[in-house]
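Please read this note with the sequence and the model open side by side. Each numbered point takes up one topic and can be checked against the structure as you go.

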Amino acid sequence: MIFKDMMTMLAEGTRDTLYMVLISTLLGYVIGLPLGILLTISDVDGISPNKVLYKILDIIINITRSIPFLILLILIMPFTKLVVGKSYGTTATIVPLTIAAAPLIARMVESSLKEVDKGVIEAAFSMGAGGFTIIWKVMVTEARTSLLVGVTIALGTILGYSAMAGVIGGGGLGDIAIRYGYYRYETGVMIVTVAVLVVLMQVLQWAGMLISKKIDRRRGK
Amino acid sequence: MSKREEIIRVDHITKRYDENAVLDDFSLSVHEGEVVVIVGPSGCGKSTILRIMNGLEPIQKGEVTYRGEKVDGKLGSITRIREKVGMVFQSYELFPHKTILQNIMLASILVQKRDRREVKEEALQLLARVGLSEKKDAYPRQLSGGQKQRVAIVRALAMHPEVLLFDEVTAALDPEMVREVLDVLLSLAKEGKTMVIVTHEMSFAKAVADRVIFLDGGHMEEEGTASEFFDHPKTERAKQFLHTFTYDKVERE
């Protein structure tokens, strides 16, 4: 393949991958953040314990997380088609990616929020703060460093999943790696594609850690 | 004392953790301008009383009355009272990701919905009062324990509470920092603030208390004025307890 063509293809692949990853993670948080908050507050030692609600959410999340992504991808194809109109391509891949991301994100949000010191929450209660203030101004604010580390992990995981979607024509870098590297034995293209994925992951990780360190008031400058 | 208005009262409180009774039929009434100090051995239920007064602890029996109004389990009724009952904790519990000023202003703005400018002005005045003006933009981790505790006191004061609860506020502090915190409490007492203090600092208790409650095993063992209790304890148990704070001179041969 001509170098210039390959560069164009890789640039488009990178763009598609970023599009899928960013939108899916964003949508994943739209669903996962409230779920994570509900899990935290409804748990036994949460601010509003509710055994039934916790158990229901717990089971749903565990089931969704147990399904291997590749199977999920195929399993929900009819649903994807219903939402997007087709079952292949970058936009269609966002549907299974979001469904895979949401429970993972919910769990990470849950564990971040549970790290917040009980005493601090109690202090807020002692000043007459209501549930909404406690959740947003105390729990989410105090857990922000950990939450941001979670975002970094979510982005990385979804990046990995998005590459898997290449198997069923999902578009993006994974698609390129499979089509050229696997089906056509163009090892060079595959290696370059994987290299781009590695760089993307590094950048995400580095940026995530940098920001989370910057906003951490418990240590550092 | 009885002529002044009663602010908060707990009546026949029984509190159990599993099967162990922490408080057993305990009653206490606090009147306006009064400083009540609760002393007693560790684990006797002192802190639990404060936590119950602030609705942080569910009780099995009894009731809490605030200015004659019964506090029920409903969240609305508890939060309304919590605004009026300030609490300061042993381990400060400042919000680590908020500046000192934000820590102090948070509840006044979000809970009491007061004007931000007015709240800020008052917060700065209160900080100046405890000598921490220059720390307003610092974060809690940059402060010493004594400074953190003074900020926590200011944070409680900013809500204009009608009664302040202090839960072993110097127990986590190095000895030289104890003084700076207790001085703040003494000046509040001088102003006539209504306070309920749980402490292990006996000489401070003697200096600040209008009334001392000696608690042991979840019961009120003795109650009296500071000089009554410290100089002429009535019960054997209280004498024993006070004796643990004195040391006999070592006689060398």
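The points below go from chain A as a whole to two of its residues, then to the contact between the chains, and at the end to the nonpolar cores.

1. Before anything else, please keep in mind that this is a predicted model, and that every value in the points that follow was computed from it.

2. Chain A is built from helices, with 10 helices and 0 strands, so that a reading along the sequence gives the pattern α-α-α-α-α-α-α-α-α-α. The C-alpha trace of chain A spans about 70 × 45 × 25 Å along its principal axes, and of the 221 residues in chain A, 47% are buried.

3. It is also worth considering how chain A connects to itself along the sequence. When contacts in chain A with a separation of 6 or more are taken, 73% of them join residues that are 24 or more positions apart.

4. One residue that illustrates this kind of link is A:Leu197, which is found in helix α10, residues 187-214 of chain A. Is A:Leu197 buried or exposed? Its relative accessible area is 18%, and because buried means under 20%, A:Leu197 counts as buried. Leaving aside neighbours within four places in sequence, A:Leu197 is in contact with A:Leu159, A:Ala163 and A:Leu173. Although A:Leu197 and A:Leu159 are 38 residues apart along the chain, their C-alpha atoms are separated by 8.2 Å.

5. A second residue to look at is A:Thr133, which lies in helix α7, residues 131-142 of chain A. A:Thr133 has a relative accessibility of 16% and therefore counts as buried. With neighbours up to four places away in sequence left aside, A:Thr133 is in contact with A:Val138 in its own chain and with B:Leu110 in chain B, which leads on to the contact between the two chains.

6. How many residues does each chain bring to that contact? Chain B gives 23 residues and chain A gives 25 residues. Of the area that chain B buries against chain A, 32% is supplied by B:Phe95, B:His97 and B:Arg141, which is more than any other three residues supply. The two chains bury about 2100 Å² between them, with 61% of it on carbon and sulfur atoms.

7. The polar side of the interface deserves a separate look. Across the interface of chain B and chain A there are 2 salt bridges, and in one of them the side chains of A:Glu122 and B:Arg51 meet at 2.8 Å, N to O. Between the chains, 7 residue pairs are in polar contact. On the side of chain B that touches chain A, α2 (75-84), β6 (85-88) and α3 (100-110) each supply at least two residues. By class, this side of chain B has 13 nonpolar, 3 polar and 7 charged residues.

8. The last topic is the nonpolar interior, and a general remark helps here: in soluble globular proteins, nonpolar side chains tend to be buried together. In this model the largest nonpolar core has 84 residues, of which B:Leu28, B:Ile38 and B:Met53 touch the most other members. Helix α5 of chain A, residues 90-114, gives the most to this core, with 10 residues. Apart from this core lies another, of 53 residues, including B:Val39, B:Ala123, B:Ala138 and B:Ile153.

9. To see the surroundings of one core member, please look at B:Met53 in the model. Not counting residues up to four places away in sequence, B:Met53 touches B:Ile8, B:Val10, B:Leu28, B:Val30, B:Val85, B:Leu165 and B:Val196.

Notes
Residues numbered from 1 in each chain as written. Chains lettered and ligands numbered in written order. Predicted model: local features only at pLDDT ≥ 70, side-chain atom pairs only at ≥ 80, totals over all residues. Heavy atoms only, no water. Contact = heavy atoms within 4.5 Å. Buried area = accessible area lost by both parts, 1.4 Å probe. Salt bridge = Lys/Arg side-chain N within 4 Å of Asp/Glu carboxyl O. Polar contact = N/O pair within 3.5 Å; in protein donor to acceptor, adjacent residues only side chain to side chain. Helix = DSSP H or I, 4+ residues; strand = E, 2+ residues; numbered from the N terminus. Nonpolar A, V, L, I, M, F, W, Y, C, P; charged D, E, K, R; others polar. Core = buried A, V, L, I, M, F, W, Y, C linked by side-chain atoms within 4.5 Å. Buried < 20%, exposed > 50% of the residue type's maximum accessible area, 1.4 Å probe, protein only.
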